[in-house]
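Thanks for making time. I'll walk through one structure, piece by piece, and keep it short.

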Amino acid sequence: MKELTVTVQRFDPDKDKEPRSQTYTVKVNDGARVLNVLHAIHDTIDPTLSYRYSCASGQCGSCAVLVNGEPVLACMEEAKDNSTIAPLNLPVKKDLVTDLVPRLATMAHLVPKGTPVVPTKEDIDAIKPLRDCIECLACVSVCPAVDVTQFLGPTAMRQEMRLALDPRDSGDRIADAVRDGLFTCTSCQACWKVCPKDIEIPGKAIEKLRSQANKRGFTFPRHLEVAAMVKETGRSVTREKPTFLEQVGEVIEPYGPVKATVGFFVGCMYNNRLPQTALDAMEVLKRNGIRIIIPHDQICCGSPLIRTGQISFLDEIKQKNIDVFQSRGIDTVLTMCAGCGTTLKNDYPKDKPFTVIDINELLTKYGIEPPAKLPVKVTYHDPCHLLRGQGVREQPRQLIRQVADLVEMPSICCGSGGGVKSGLPEEAAALGKRRDAEIKKTGAELVITSCPFCEFHIAASTDKPVRNITTVLLEGYREKDTKSALKH
Ligand code: SF4
Ligand code: SF4
């Protein structure tokens, strides 16, 4: 047995105006789950505590709650000392019990065709990755698009795609999904990461529905323009100044001994809109022993096409980029755009002839020369495509702590992804406002991030300066050089 102290969010609509926190200490067996802790509080301290459960074995989805802010199944999550337990981000009926009915009522059901149809093995295999939902609504609870639009939510889209694949169903699932907010999804991947059944909703449902919607003529005109630009110019954004590739040679040698050689994939935003940021990154790499090969014939990675469902010439784009790096004998491709990184890592063929590494991973892998510490309090915005798309969380924090004091804020989507900024600017602005509110709570003077789309969008959403992580490291090196010059 062990003793655990937890804080539970309580709310009784008959007595409380606001939710309140209550702390309990209970005795539970070693290895107890959060549900065991709730049972212990209920049975030994306060029988009025309300929470929902049924199977207690991860199969029914009824006990989903937030533990330390993250949605989990209470019956599966190991109970830890000093945790907070709160209801999902859904309307609360009492304590930890949320009202699931309105959301579940919107889920589509199979509408049988007039004549019976028997699904083939191929049909069943295609449906399989989408059919394991236990209706816990953890995904809905974390979806940023649900918060600011009328989007029915991730699992509703999962169900639309599941039915679209079912030959027995007679509904028009594509039109329904478009009506229910298909294009409001920002591709943040939060729904997939919290799903207890590991259902890959963004890739297996939303992008697939969007690609079907594209064939049916539902794609937004702005997204069609982006695809036309990629086809015509190889880039997804217009150029505003000399591009990055116009300002660098094919090989950049480091100042000191070579620790590693990588090929650099610049991406459309850093090449065409933010070339100085990419040039800053090159300086940081040179200073830290990285030899950089930059093929000038590289093009857009295809991410804007994949996320908006416009995949008719995607394979040609992928092959072109693969050939460009393979022809230089490059075995490691470096990205500094979170969107390009997740696309090259996860959407390109698994057997591509190179591995892909994000710049934060590279710099922490080989270690960096310590920069001077800047007298500034900073906060860090996790780009969704870096945190959830590539699992890169600690590395940027390790780098930032060497150059400034870091104050954490919640890892929420800024609203720039999934074609939302170009297609639904009001939604992007609403999510940007939410991001700004969290920035303000930290009291930070500077926002650091590691994705050009986030940098651009957050800069438009906050009055705080926003910088790329490598630009701040470079400032730290310049400060160090200035101090050292003054000493001599
Ligand atoms: S990827 Fe993000 S925005 Fe899209 S459905 Fe999932 S949680 Fe919502
Ligand atoms: S998709 Fe996953 S997270 Fe969403 S309701 Fe179903 S099981 Fe829960």
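Helix α13, residues 275-287, and helix α23, residues 469-487, have axes that come within 8 Å. They cross at roughly 55°. That makes α13 oblique to α23. The cut-off matters here: roughly perpendicular takes 65 to 115 degrees. The crossing of α13 past α23 is left-handed. Bear in mind that this is a predicted model.

Which residues make that contact? On the α13 side we have Thr277, Asp280, Ala281, Glu283, Val284 and Arg287. They meet Thr470, Thr471, Leu473, Leu474 and Tyr477 in α23. By class, this contact of α13 with α23 has five nonpolar residues, three polar and three charged.

Now a second helix pair. Take α21, residues 425-442, and α22, residues 452-461. Their axes come within 9 Å and cross at roughly 75°. α21 and α22 are therefore roughly perpendicular to each other. From α21, the contact uses Ala428, Gly432, Lys433, Arg435 and Asp436. From α22, the contact uses His457, Ile458, Ala460 and Ser461. The classes in this contact of α21 with α22 come out as three nonpolar, three polar and three charged.

On to the ligands. Start with ligand 1. How many residues surround ligand 1? There are 15, and the closest are Cys143, Pro154, Cys185, Cys188 and Cys191. Three helices each supply at least two residues of this shell: α5 (144-148), α8 (190-194) and α9 (201-215). α9 gives the largest share, three residues. What about the chemistry? The shell around ligand 1 has twelve nonpolar residues, three polar and no charged.

Ligand 2 next. Here 16 residues surround the ligand. The closest are Cys133, Cys136, Cys139, Thr155 and Cys195. Helices α4 (138-142) and α6 (154-164) each supply at least two residues of this shell. The largest share is from α6, with three residues. By class, the shell around ligand 2 holds eleven nonpolar, two polar and three charged residues. So put the two shells side by side for charge. Ligand 1 has no charged residues in its shell, whereas ligand 2 has three.

Let's turn to the sheets. One open sheet has five strands, in the order β2-β1-β5-β3-β4, with mixed pairing. Where are the edges? They are β2, residues 20-28, and β4, residues 70-73, and each pairs on one side only. From one strand to the next, the twist averages 35°. Inside this sheet, β3 (residues 64-67) and β4 pair in the antiparallel sense, over four bridges. To pin that register down, Ala64 has Leu73 in β4 as its bridge partner. A helix packs on this sheet as well: α1, residues 34-44. α1 touches β1 (2-10), β2, β3 and β5 (83-86). The direction of α1 makes about 95° with that of β2.

There is another open sheet of five strands, with the order β8-β10-β9-β11-β12. Its pairing is mixed too. Why is one side of β8 and of β12 left without a neighbour in the sheet? β8 (251-252) and β12 (355-358) stand at the edges, each with a single partner strand, so one side of each has no neighbour there. Further in, β9 (residues 260-265) and β10 (residues 290-293) run parallel, paired over four bridges. Val262 stands opposite Ile292 in β10. Helix α17, residues 359-366, lies across β9, β10, β11 (332-335) and β12. α17 runs at about 85° to β12.

Last stop: strand β13, residues 377-380. It is joined to β14, residues 405-407, by three bridges, and the two run parallel. β13 also pairs with β15, residues 446-449, in the parallel sense, again over three bridges. Val378 is the residue to click on. Val378 stands opposite Leu406 in β14. Val378 also stands opposite Leu446 in β15.

That's the tour. Happy to take questions.

Definitions and conventions: Residues numbered from 1 in each chain as written. Chains lettered and ligands numbered in written order. Predicted model: local features only at pLDDT ≥ 70, side-chain atom pairs only at ≥ 80, totals over all residues. Pairing = 2+ DSSP bridges. Axes fitted to C-alpha atoms, helices over the stretch in contact; angles between N-to-C directions. Contact = placed C-beta atoms within 7 Å. Parallel < 35°, antiparallel > 145°, perpendicular 65-115°, else oblique. Left-handed = near helix turned anticlockwise from the far one by under 90°. Nonpolar A, V, L, I, M, F, W, Y, C, P; charged D, E, K, R; others polar. Near = placed C-beta within 6 Å.
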